[in-house]
Amino acid sequence: MDNDVHIQVESEGRAFMIPVPPEGFTLTDLGQVFPGATGLQYKDDDGSPPTLVLKREDTFRTPLMGWNVQGRTYQVIKETSLDVFAGFRAEREQNRRTFFRTERRPALPGTEAGPSSRPAFSTKSVTLAVGIGEKTGGFFVPISARNKRKVGGTVNITVEAATANAGEITSKALQKFEETNCRFDKNEKWILAYPDGSQVVDLPDKSAPFNLKAYKEYLSMEYRRIRLYLTVKDVPSSSSSSSSSSSPSNSSSNSSSSSSSEEEDATQVHSEEADNIGNEDDVETGTPTVTFRNTSEDVMADRDLYFHSDDSSSANLTVTQSLSIPSGVMEIEEKIDSTIGKIVQRTCQLLEDEVNPEKILRVYSSEYLEGRNMDTVEIDTDETTTYERTELFISRFTVWEDALEQLLSIDNLRYPLYVSFHGEEAIDYGGPRREFLQIMVTETKNRLFREENGVVTLLEDDFLCASQQYFLGGLICGLSMLQGGPCPTFVEYILDKESKHHKQFMSGLRRVGIIQLMEKLPTLRMIFKESNASLTFPKIQRLLKAEFSAPQSSRRREEEHVYGQFLRYLREVAGRRKSVTLGHILAFCTGAREIPSLGFPSDITLTFSIGTESMLPTASTCIMQMNLKIPALGVERPPQEFIYNLWDLAFSNTFFGLC
């Protein structure tokens, strides 16, 4: 390398003569003159394109023909925001993999190698979800476990991945459904079907006979995401319509015989002229004949039905009795209500005269939930390992629809939610669950409520009621309160309403015991007050607990400087900075934009590390830890507005695996 060499370096119209030390020219040397520099290139006057100066770690390598060449100019390379973000994503992924890596212990005789803190798991057996579906209107659709007229739901079975074929999966699914669902008839002609309704015989591309392992490789999907269905083969479409008759008495007798069957709808129909109709002689010529037909759709009580005849006359009919509910469903509902009643009673015994709503909810949550602790981080990368939890597979584009389909098919909601967002790599140890509940509570308010002049009311829409979306909204609000989600403060405005729409919403809250608990301990209603959930700068500052280096260390000064800068940024966000909110920052650290009804399980830890590649902050929502970057020793501090813009970019991102 040349000795006592100076080179002219240009950037954004500025030029400086920089000495090249004998021991080597580093990126740190360049960054002292040009903050934000990430590289160096040179251009000769012979018309050749610019050439990148290579570097190993932090030190630039000597260019061709040396540093000091006549006619050569050096230019600084600076990353754009997108470049910085791309580097941050790579660093974030590396940090994630490092955090969740576990040391493997040597295998003992007769066992497989595994993490030192837990026994090895076999990779041969896998858990597979099998549901029940049917073809309706030309489409194959799953049947929910809450369907009161048809057998539905989903079961998990354990099979050997390498050998499981359609026959084995069908046999185990039939056995599991028979054990868990008293309405299930194993003697029906059940077949195993793909999600499109076609029978499982070969792989979808007909390349080979069906095998679970081959099907997984065909889909390029984890076993836990695969769904297969049982469906009845060659079911004739039964026509239950009564024949049109000129005698109203015949029509009446058909309706009576239909109602006597357990499989038919039990409805009573009245019209204004029913009392005047006696026999065939009483019917006037031209009186329209009404034909009744059973359908696969539930009919809401008190809904007007209009039947049109050929002469455009119409009869206004009102359903005055709701559809009959099979005894099996009633037994399940009664069992759930009995269990919740016992949990509420036990909670009241533990609390005695307690009036603090947060403590009441926390004790009830601990009694209600079972299975794996919600806030326990269990490191395990074996996809075949299952825990007692309620797994949900959610697309960010159809969050509400996916939740409606999956949550309404689950009978036991006492296990903690385990949320997987499509295409995202996060393992749910709390963060994805809190974000899912945050999204769903917001969707509940936007879809089912309206606010005018500060008054919140429930939208009364019969379609939403028929599709049980009010029930889902109430269920989500209850689960959010019990599993660390935001408090649905808007519920306070509708607790004492009596319409069928309000009752269905309340039945969702009742499904997890919130209404029963409020009836026993009325002070729980105070948890819905707006002031309890509002997020302010003092609140979020108290949640953040910074972990500094030793007082005498060289890093302590920079850490305290960045921490003070971050507090000023928080004040600005709480005030005049509109690009992000305090909710964005809280969600970046925890997955929740509001403080949950139960509070957080711990404080938010704020740590510091040297930003060698990027100054973007990182976070782990599961352990609620955020990491801020400090400049390397001897490197000039970046401008404050540059750091603020980077923080805006990080905190506005919502996808796991990216921030």
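## A half-open ring and its partner

At 31% relative accessibility, F548 counts as partly exposed, because that value falls between the 20% and 50% cut-offs. This is a predicted model, so these values describe the prediction.

How many aromatic pairs does the structure hold? There are 24 of them, and F548 belongs to one. The ring centres of F548 and F608 are 5.5 Å apart and the planes meet at 15 degrees, so this pair is stacked. It also links distant parts of the chain: F548 sits in the loop between β22 (544-546) and α16 (556-574), while F608 belongs to strand β23 (residues 604-610), 60 residues apart. F608 has a relative accessibility of 8%, so this residue counts as buried.

## A tilted pair and a cluster

Now for another pair, Y569 with F651. This one is tilted, with 6.0 Å from centre to centre and 45 degrees between the planes. Y569 lies in helix α16 and F651 in helix α18 (residues 640-651), so the two rings tie together parts that are 82 residues apart in sequence.

Are these two buried or exposed? Y569 is buried, at 0% relative accessibility, and F651 is buried too, with a relative accessible area of 1%. Both residues also belong to one aromatic cluster, together with F566, F588, Y644 and W647.

## Charges over rings

Elsewhere, rings have charged company. The charged end of R72 sits over the ring of Y42, 4.0 Å from the ring centre. R414 does likewise with Y368: its charged end sits over that ring, 5.8 Å from the centre.

## Helix α9

Helix α9 (residues 431-448) has 18 residues, and at 1.5 Å a residue they should span 26 Å; the C-alpha atoms at its ends are 26 Å apart, so the two values agree.

Which residues of α9 are buried? The list is G431, P432, R433, R434, E435, F436, L437, Q438, M440, V441, T444 and L448. Charged residues such as R433, R434 and E435 are on that buried list, alongside F436 and L437.

## A five-stranded sheet

Next, an open sheet. Its 5 strands come in the order β2-β1-β7-β3-β4, and the pairing is mixed. The edges are β2 (14-20) and β4 (51-52), each of which pairs on one side only.

Inside that order, strand β1 (residues 5-11) and strand β7 (residues 73-78) run parallel and are joined by 2 bridges. What is the bridge partner of V9 in β7? It is Y74.

## The whole chain, and how sure the model is

Stepping back, the protein chain has 18 helices and 25 strands. It runs to 659 residues, and 42% of them count as buried. Among contacts between residues at least 6 apart in sequence, 65% join residues at least 24 apart.

As for confidence, the mean pLDDT of the chain is 75, and 73% of its residues reach 70 or more. Among the elements, strand β13 (residues 190-193) has the highest mean pLDDT, 93, and strand β16 (residues 304-308) the lowest, 37. Over residues 113-122 the pLDDT is below 50, and this stretch has 29 contacts in the model beyond near neighbours in sequence. Residues 376-386 also stay under 50, and there the model has 31 contacts beyond four places in sequence.

Key
Residues are numbered from 1 along each chain as its sequence is written. This is a predicted model: local features need pLDDT of at least 70, side-chain atom pairs count only at pLDDT 80 or more; totals for chains, interfaces and linings use all residues. Side-chain values use heavy atoms; hydrogens and water are left out. Rings of Phe, Tyr and Trp (its six-membered ring) pair if their centres lie within 6.5 Å; planes under 30 degrees apart count as stacked, over 60 as edge-to-face and the rest as tilted. Helices (H or I, at least four residues) and strands (E, at least two) are DSSP runs, numbered from the N terminus. Buried means under 20% relative accessible area, exposed over 50%, partly exposed in between (1.4 Å probe, protein chains only). A charge sits over a ring if NZ of Lys or CZ of Arg is within 6 Å of the ring centre and within 35 degrees of the ring normal. The expected span of a helix is 1.5 Å times one less than its number of residues. pLDDT is the predictor's confidence in each residue, from 0 to 100. Contact means heavy atoms within 4.5 Å. Two strands pair if DSSP finds at least two bridges between them.
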